[in-house]
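Grab your viewer and work through these exercises on helix packing and empty space. Try each one yourself before you read its solution.

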Amino acid sequence: MFKMGPQRSLHRVILAAIPQMFLQMSGINVIAQYTPVVFEQFLGFDAFDSGVLAAASQFAVILGAICCSWTVDRVGRRKLMLISATMMSICFACLSGLLAHPENRTGIKAAAFFIYFYLFVYVLGFLGIPFLYASEVAVTQFRAPTTGLSTAVSWLFNFIVAEVTPVGFANIGWKYFLVYCCINALCVPTIYFFFPETAGRSLEEIDEIFLASNSILDTVNVAKGLPKHEHRELYAEEEGKESSSQVAHIDDMGRRDEVA
């Protein structure tokens, strides 16, 4: 699994693990696990209102999940991750800028919008897609250990962020959000240059993409150039070939009977 070889197994393991790292380093645990703290400590709401706003933020999660389920195959994994990473970076930039001026109460209230919008775009392009992507890019015989390793990476960075966040809040305050603004911005070129699109591809087609790649920079261009095979058409062709062979067999049997 950790050797390159013609199937580029190591390359595919890395592609499965990196989105899981980005999944946690996108700042979701800062918002999701510490939502009441963010509303109370940074936005200045009282404890009751902070709890209500934190609970209500789950509606943004539900809405993002509904939109993701409708777009994940229509738009594609790669495009959704690019859109999500871009918007998350913008959300953290706006949130940091608004929190830098606590005297502006209107701006502080507007910061709540960017928390909600962040949760929406996170679920839209990052909550489930890295798990899906890991299983799709993995080599067939290593699919189980590859997805297991990628999930372990996800939980490792989940633990790191959960442990570091209180220290970040205590030492640099609102500037801590800029860290995740930069990380999400870094996600965009990483996904654009290194992650091929897998939506609408069979596992055999994904194998073809990596077999035809000579370096880590080739996979995106190879995926763009490889035509997609419509599985229904392939199935129809196979059915047609099978029917033709059956007709030919029947004709052959009929000719034999006539000769007899």
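Below are four exercises, each with a worked solution.

This is a predicted model, in which local features need pLDDT of at least 70, side-chain atom pairs count only at pLDDT 80 or more, and totals for chains, interfaces and linings use all residues. Residues are numbered from 1 along each chain as its sequence is written, and side-chain values use heavy atoms, with hydrogens and water left out.

**Exercise 1. Describe how α1 packs with α8.**

Step 1: Locate the helices, which are DSSP runs of H or I with at least four residues, numbered from the N terminus. Helix α1 covers residues 9-25 and helix α8 covers residues 129-137.

Step 2: Take the geometry, using axes fitted to C-alpha atoms over the stretch in contact and angles from 0 to 180 degrees between N-to-C directions. The angle is about 175°, and the axes are 8 Å apart. That makes α1 roughly antiparallel to α8 (angles under 35 degrees count as roughly parallel, over 145 as roughly antiparallel, 65 to 115 as roughly perpendicular and the rest as oblique).

Step 3: List the contact, meaning heavy atoms within 4.5 Å. From α1 come R12, L15, A16, P19, Q20 and L23, which meet P130, F131, Y133, A134 and V137 in α8.

Step 4: Sort these residues by class (Ala, Val, Leu, Ile, Met, Phe, Trp, Tyr, Cys and Pro are nonpolar; Asp, Glu, Lys and Arg are charged; the others, Gly among them, are polar). The α1 and α8 contact has nine nonpolar, one polar and one charged residues.

**Exercise 2. Work out the crossing of α3 and α4.**

Step 1: Find α3 at residues 35-42 and α4 at residues 47-56; their axes come within 8 Å and cross at roughly 140°. That makes α3 oblique to α4.

Step 2: Assign the hand (left-handed if the near helix is turned anticlockwise from the far one by less than a right angle, right-handed if clockwise). Here α3 passes α4 in a right-handed crossing.

Step 3: Name the partners. T35, P36, F39 and E40 of α3 touch A47, S50, L53 and A54 of α4. Five of these contact residues are nonpolar, two polar and one charged.

**Exercise 3. Which hand does the crossing of α6 and α10 have?**

Step 1: Start with the angle. The axes of α6 and helix α10 (residues 176-194) come within 8 Å and cross at roughly 160°. That makes α6 roughly antiparallel to α10.

Step 2: Look down the crossing: α6 passes α10 in a left-handed one.

Step 3: Check the classes. The contact of α6 with α10 divides into 17 nonpolar, four polar and one charged residues.

**Exercise 4. What lines the largest cavity and the largest pocket?**

Step 1: Set the terms. On a 1 Å grid over the protein atoms alone, a cavity is a set of points where a 1.4 Å probe fits but cannot get out, a pocket is an open set with protein on both sides within 12 Å along at least five of seven lines, and lining residues have an atom within 4 Å of a point. Points are joined across faces, edges and corners, and a volume is the space filled by probe spheres set on them.

Step 2: Take the cavity. One cavity of 30 Å³ or more is present, and the largest has a volume of about 30 Å³. Its lining is I31, C91, F92, L95, F114, I115 and Y118, with seven nonpolar, no polar and no charged residues.

Step 3: Turn to the largest pocket, which holds about 230 Å³ of space. Of its 19 lining residues, I28, N29, A32, Y122 and L127 are the closest to its centre. The largest share of this lining, four residues, comes from α2.

Methods
Helix = DSSP H or I, 4+ residues; strand = E, 2+ residues; numbered from the N terminus.
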